[in-house]
Structures are given as structure tokens and as C-alpha cells.
Amino acid sequence: MRRAADRSLLPDKDALAPDKDASAKATEEFVRLSFHGAARGVTGSCHMVEWRDRRILVDCGLLQGGRELAEENAAPFGFDAEKIDYLLLTHAHLDHCGRLPLLVKRGFRGEVITTAASRELARLVMLDAAHLQAEEASRHEHQRRNPAAGAPRLYDVADAVRGLDRFGRVAEYGRPLAVAPGLRATFCDAGHILGSASILLELGEPGQSRSILFSGDIGNDGRPLLRPPTPPDRADIIVMESTYGDRRHRPFSESLDELHRSITDAFARGGNVIIPTFALERAQEILYVLNRGVAAKRLPAAVQVFLDSPLAISATEIFAQHAECFDTPTRQLFSAGEDPFGLPGLHLVRDAMDSRAINRIAGGAIIMAGSGMATGGRVRHHLRHNLPRRQSAIVFVGFAAKGTLARRIIDGAPSVRIFGEEIPVRAQIHTINGFSAHADQGELLAWHARVKGCTRTFLVHGEEPAMRQLANRLVGQRVEMPKLHESFDL
Ligand code: ZN
């Protein structure tokens, strides 16, 4: 633990003129920042600020990946859930909100504050996570395996519903919200998914406050649908994601060309296209680009698209109700009465039987199903049917964390284990990272440079090599790469 290491950076009180004494005392007010997830990893975001008698969490996400991580999810948080006053949510992705039901189960009775769109999406995501855990548990029972062999069940639907009961005030972009006396939070558009925000936390009375900016996940400028990220002008300290801290994305137009090509080539071979899809944002974005591809006659008008994810279907409905969150071209489509996510050959598949029926289609279909990293969900049975077929294509359009099925396939495994069976990988594998909802290195640095006054940056939400490369490029900053449960007195 690194504690009280930075006293030397604080102004020497004796050296200050008497009229500056009050502000010096405010500057020295105790603030502790600790990291309980997404520390040298990309999932499980959970950061805590302790100030005066308040404890504020920013995000409480699920760790996603191999079995090891499942056990980490069930491990103690590293803080007392009962003592948390507020949970501020940057956005509704599972790796940012997925441990909220567990937090409530362990005694959290504070208030959850987020944007209106994140609140609706987080509701879907948490209920879906609870259902998935129940399904997983019953599958293990059904297969008469040792139930303990599966991932530990973290919470049930009732816990998720109790989590929803904790949602309180709604934050609006750019408008400071008085969370508690002397404590303000401003949610700024992060351009990552619908409702996503970076959160500026100001501690102390105006004029004497210190500020910490939590980036949340920062969006990738070049993509359709959302507005670009808009950070606040100033912050003393930044806690920043670093997912693609070591990479430059290819231009979006190249990614689009590659997607179109992978689809037309697979259809020409008589195969299907499987797109493991994150239900939030990525699914809607892909629907949008398919819609535009058909409009531009780059894809056949009658292309059959299966959105095989009740979660993504519900999320798409929520998207359609938040036109105010979109960029100008998308808003114009909405106001012209067009559905930017609609396609003539689109099938919305909610029912599990209908999902299995898709297995009978040998070619000519685009199948979008979750989960995006193929760690669970319906995409696994589509992979099982299409991975062994040379005609088919698997198109990865999102980040795949270490230890996930998606990552093993991307890394070139000749075969993978799905539902206890060894499945050969013969399909064409495409990884198209221009669709990433995350900023690349250049965009991360540009975002950081827009925030003035910051001298200390904590990098989170990245794998170590990415983090180190980004750290090297953050000039004029004291850069920290906290370990899990490490805390810093500021
Ligand atoms: Zn995210």
C-alpha cells in the first residue's frame, strides 16, 4: 500500500502567507483514492474516494474473463459495502455496473447516481447478468456436473431488483450535481455508449476544492451514432482508462470496407457471418452500418440479419427513445421518421427455441449474438455450429480480454472448447478494431490534453503493456498504475 507518500507535493503551510492559510488547510484535507477493480486489467471497474466522512464509489463492475476472474468477483470487495454512501456510474456496461447487485447483497444502502439513459440500460444489463447466472447454474445441474464446478453464482434476480431500488437522482451532461454538502459531480459526455459519462468529482467548497476526473470509458471519435467525448476544462487529478493505450485504430471507413468484404465473401462461399456482439452500442452500431450499407447498395437489400439477443433487442428499443444522445446525422434520420437500426431482412430473436432454429441455416445469414467476448450467451452455440465450417466467417468487432473464448479464437487457437466439446476452428476469422467503442492512443492523449491543470494521472482499465506505452507518452504527468486494492492518500 502506498499511503501518505505525497506530503512533499503539498504546499508547506509555514511558508504560506496568513491570508492563504484557510485555503492551505482545505488543500490538506484528507482524500484517499483506492482501486478495487480494473487495476492492471480491463474489467471490473471500481474506484473509491474517501473524503471527510463520505465514501463514494465510481463504478462497481464485474470482472470478465476466465474462471479465475469469476472467483475474484466473489471475493471481498476490499471495502465495506455498508459504508458506501454513493455509487456514481459512468456507464451501463457490465464491467462498470455488474457488481452493483452484489454490493446491495453485501449491505450497500446508498444512492446510485447516473444519467437517464445509463439508468435504463443498467437495469437491463444487471437483470440479464442475474438471468445468465441462473441459466449457467441450472445447466451445470442439468448436465449432472458438480454445480460447484461452474462460476460461483454471485447474485440472483431479486438482488438485481434491489440494486435498481438504489437508483436515485439523475445526472445531466455538463450540469454540476450537488451530491452532498461540499461534494459536486459533473457528468460529461464520454462518447462511448449511450448515456456514458466521464465524472468530475469536486471535493470541498467552491474556490477551495480539489477535483478528480474519472474518465470512465472514452469513446472513439470516428464512429457513427454518438457525439465525440467532451471532457471538462480542468481537473487536478485524472483517473483514466487505457484499453487501447498502445494502439492506433484504422480509419473507420477501412473497417467498414472490411466488414462489407467479410460479409460478401462469406456469402459467396455459402457460409454465414457470426458477429459476437456487445448488446449495448456495438449491436446498434452494427445495425446502423448494415442499414447504411443496404441504403448505399453495398449490401444486398434482402440480407438476412438475426439479432439473436433479447438484451440487445431491448437495448435497441431504449436507444430509439434517446435520440437526444445522438450525433446530428443520426438525429436527422430519427426526425425524418426513419429507423436507423431497422433493416428489411432483420429478425429480432427473443425466444431460445427460435435461436436454436437459426442453426439450420447453412449460409447467407448475418447472426449477431452476445456475449461480445463469447464468455457466455447464445453466440456460443452459433460458434459451435460455424467455427468448423470453412465457408463461414467470424467477425470480431470489439475488445476481447485475456482468457476469453473470443481472445483464444482471435489469437489463432486451432480448436476451442465450447460446451465441453473440442471444436476445430476452420472458419475465416476477422478482427475489425475500427468499430471499437474505445479511444485509441492518439485519442486518449488528445482527451487528456484538453483537461488543464492536471499533474497526476492514474491509469486503469488496461492491460499492462498498453498502460506502460500510454504512460510513456503522458508528458509532464506523475503517472501511477495502481494495483488491485492499492490506495493513495492525495
Ligand atoms: Zn464500456
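A cavity, as the word is used here, is a set of grid points where a 1.4 Å probe fits but cannot get out, and its lining residues are those with an atom within 4 Å of such a point. Keep that in mind as we go through this structure, which is a predicted model.

Let's begin with the empty space inside. Counting cavities of 30 Å³ or more gives five. The largest of them holds about 80 Å³ of space. Its wall is made by 14 residues, and those nearest the centre are Ser45, His47, Asp59, Gly216 and Val460. Sorted by class, that lining comprises seven polar, four nonpolar and three charged residues.

Next, the metal. Which atoms hold the zinc ion? The donors are NE2 of His91, ND1 of His93, NE2 of His192 and an OD atom of Asp217, at 2.2 to 2.3 Å. Along the chain, these donors are spaced as H-x1-H-x98-H-x24-D. Two of them tie distant parts of the chain together: His93 sits in the loop between β4 (86–88) and α3 (94–97), while His192 sits in the loop between β8 (183–189) and β9 (197–203), 99 residues apart. Both histidines are shielded, since His93 has a relative accessibility of 13% and counts as buried, and His192 is buried at 0%.

What about the geometry of the zinc site? The angles among the four donor atoms run from 92 to 165°, and the site is irregular. The reasoning is a matter of cut-offs: four donors count as tetrahedral only if all angles lie between 85 and 135 degrees, so the 165° angle rules that label out. For reference, the ideal angle for four tetrahedral donors is 109.5 degrees. If you plan to parametrise this site, one caveat applies: water is not among the atoms, so sites may look incomplete.

On to the charged side chains. The model has 27 salt bridges in total. One of them pairs Arg247 with Asp246, with 3.6 Å between the closest N and O atoms. Arg247 is partly exposed at 36% relative accessibility, and Asp246 is also partly exposed, at 27%. Another bridge brings Asp411 together with Arg407 at 3.4 Å, N to O. Here the acid is exposed, with Asp411 at 57%, whereas Arg407 is partly exposed at 21%.

The bridge between Glu422 and Arg417 has its closest N and O atoms 3.0 Å apart. In this pair it is the base that is exposed, with Arg417 at 52%, while Glu422 is partly exposed at 44%. Salt bridges can also join up, as they do in the network that links Glu29, Arg52 and Glu205.

The backbone has a few details that are easy to miss. Where is there a cis peptide bond? Look between Gly370 and Ser371, where omega is about 5°. Ser371 belongs to the loop between β15 (365–369) and α12 (379–386). Follow that loop into α12 and you reach a helix that is largely enclosed by the rest of the structure, because six of its eight residues are buried. The buried ones are Val379, Arg380, His381, His382, Leu383 and Asn386.

Positive phi angles turn up at residues that are not glycines, including Lys297, where phi is about 60°. Lys297 lies in the loop between α8 (282–295) and β13 (304–308) and is exposed, with a relative accessibility of 74%. Phe419 also has a positive phi, of about 50°. Its place is the loop between β17 (415–418) and β18 (421–424), and at 30% relative accessible area Phe419 is partly exposed.

Finally, take a look at His430, which is part of strand β19 (residues 428–431). Is His430 buried or exposed? Its relative accessible area is 17%, so His430 is buried, the limit for that label being under 20%. Along the chain, His430 and Val397 are 33 residues apart, and their C-alpha atoms are separated by 8.4 Å.

Conventions: Residues are numbered from 1 along each chain as its sequence is written. This is a predicted model: local features need pLDDT of at least 70, side-chain atom pairs count only at pLDDT 80 or more; totals for chains, interfaces and linings use all residues. Side-chain values use heavy atoms; hydrogens and water are left out. A salt bridge is a side-chain nitrogen of Lys or Arg within 4 Å of a carboxyl oxygen of Asp or Glu. Buried means under 20% relative accessible area, exposed over 50%, partly exposed in between (1.4 Å probe, protein chains only). On a 1 Å grid over the protein atoms alone, a cavity is a set of points where a 1.4 Å probe fits but cannot get out, and a pocket is an open set with protein on both sides within 12 Å along at least five of seven lines; lining residues have an atom within 4 Å of a point. Grid points are joined across faces, edges and corners, and a volume is the space filled by probe spheres set on the points. Ala, Val, Leu, Ile, Met, Phe, Trp, Tyr, Cys and Pro count as nonpolar, Asp, Glu, Lys and Arg as charged, and the others, Gly among them, as polar. Donors are N, O and S atoms within 2.8 Å of the metal (3.2 Å for Na, K and Ca); water is not among the atoms, so sites may look incomplete. Four donors count as tetrahedral if all angles lie between 85 and 135 degrees; four count as square planar and six as octahedral if opposite donors are over 155 degrees apart and all others between 65 and 115; anything else is irregular. Helices (H or I, at least four residues) and strands (E, at least two) are DSSP runs, numbered from the N terminus.
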